[in-house]
Structure formats: C-alpha cells, structure tokens
Amino acid sequence: MIEKNRKVSASIIETVHIVRPNHLNAVGRLFGGILMQWIDEVAALTAKRHAHKNVTTASVDNLRFLKGAYQNDVIIITGKITYVGRTSMEVQADTYIEDLEERRTHINQAFFTMVALDENDRPAPVPGLILETEEERAAWEQAALRRQMRGHKK
C-alpha cells in the first residue's frame, strides 16, 4: 500500500562535514570521491525519508564541481525531492562551503535517481509529491525534462 502524498519539505536533509587531512587529494583539495560518497548518502536519506522504504541509487547525473574545498572547510550538503515516478524519485543534492559568518558558497550540484525497495529488494511504489511553491513546481518541470533526456517515459 502506498502511503499518502508528502510535501517536499517533509524529506529535506542537511548534513555537515569538516574537511580533514584524510579527505584531501594529492593537490590539497577535497577528494571528489569523498564528496560523491557524502552526497550519495544525503540522496539516500532524502529518498528514504520520502518513501519510508529502503532505497538504492539508480543513477547520478549533472554532477558538477563548481569550486574546490580545502582542509578545515565546513561542508553543508542539502537534499530535496524534486520529482517522483511510480517507484523512483529524483533528489537534488547541493553542496556548500559555510564560512564563519554562516555564508554559504555553492560548490557542487547533482541529481540522483533513487528507487524505493520492498522487503525483497524489488522496486516498490512511492508516495506522490505535494508541490507547494512556484520553485517546487519549476523544479518538478526541470526534473521531468531530465527524466525524458534519460529516456524514461513521461
């Protein structure tokens, strides 16, 4: 049974990390693979919160590294549902560096397709998404276009 539709705001996730020496690549910046792990975790938590089911990552696209991060930077990663299908959800994950005055600089964005799983690890239906703002409706439309570009039916 599918649970009732949920608001975008009900599944928003935010995590905080500090870049430590073991997170750095050979040139002293945050290793992209570490950031990818962190954002995949945020995407999974966001989708799990929406679906109230276990989830798996089906795909990642539009992973854009806009700016580097360095040792001792505070990294904030946010996730929100932008689109739902029958068993899948698109999660927008945005990464920021937060300075001491709590100003955020956007350094990365990615879109994940997450699939809900039943108790047998098979795709399971997910609740619909309640769009409350023009921003949420625009994000849905953009996600629908990305979905079409990936070759999914409308």
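Colleague: What does lysine 67 count as, at 46% relative accessibility?

Modeller: Partly exposed, because buried means under 20% relative accessible area and exposed over 50%, with partly exposed in between (1.4 Å probe, protein chains only). This is a predicted model: local features need pLDDT of at least 70 and side-chain atom pairs 80 or more, while totals for chains, interfaces and linings use all residues. Residues are numbered from 1 along each chain as its sequence is written, and side-chain values use heavy atoms, without hydrogens and water.

Colleague: Where along the chain should I look for lysine 67?

Modeller: Go to the loop between strand S3 (54-65) and strand S4 (74-84). Strands (E, at least two residues) and helices (H or I, at least four) are DSSP runs numbered from the N terminus.

Colleague: Which residues does lysine 67 touch, leaving out those up to four places away in sequence?

Modeller: A contact is heavy atoms within 4.5 Å. Lysine 67 touches Ile97, Thr105 and Ile107. Take threonine 105: it sits 38 residues from lysine 67 in sequence, yet the two C-alpha atoms are 8.8 Å apart in space.

Colleague: How do I see that kind of thing across the chain?

Modeller: Take the contacts between residues at least 6 apart in sequence: 71% of them join residues at least 24 apart. As for burial, 44% of the 154 residues are buried.

Colleague: What pattern does the chain follow, read along the sequence?

Modeller: There are two helices and seven strands, and they come in the order β-β-α-β-β-β-β-β-α. The radius of gyration is 16 Å, close to the 15 Å from the globule rule for 154 residues, so the chain is as compact as a globular protein of that length. That radius is taken over C-alpha atoms, and the rule is 2.2 Å times the number of residues to the power 0.38. If you'd rather picture a box, the C-alpha atoms fill one of roughly 50 × 35 × 25 Å along the principal axes.

Colleague: And what about backbone angles?

Modeller: Most residues other than glycine have a negative phi. Here, glutamate 102 isn't a glycine but has a positive phi of about 65 degrees. You'll find glutamate 102 in the loop between strand S5 (88-98) and strand S6 (104-117), and with a relative accessible area of 62% it is exposed.

Colleague: What is phi for aspartate 121, then, and where does that residue lie?

Modeller: Aspartate 121 has a positive phi of about 60 degrees, again without being a glycine. Its place is the loop between S6 and strand S7 (129-130). Aspartate 121 is exposed as well, at 57% relative accessible area.
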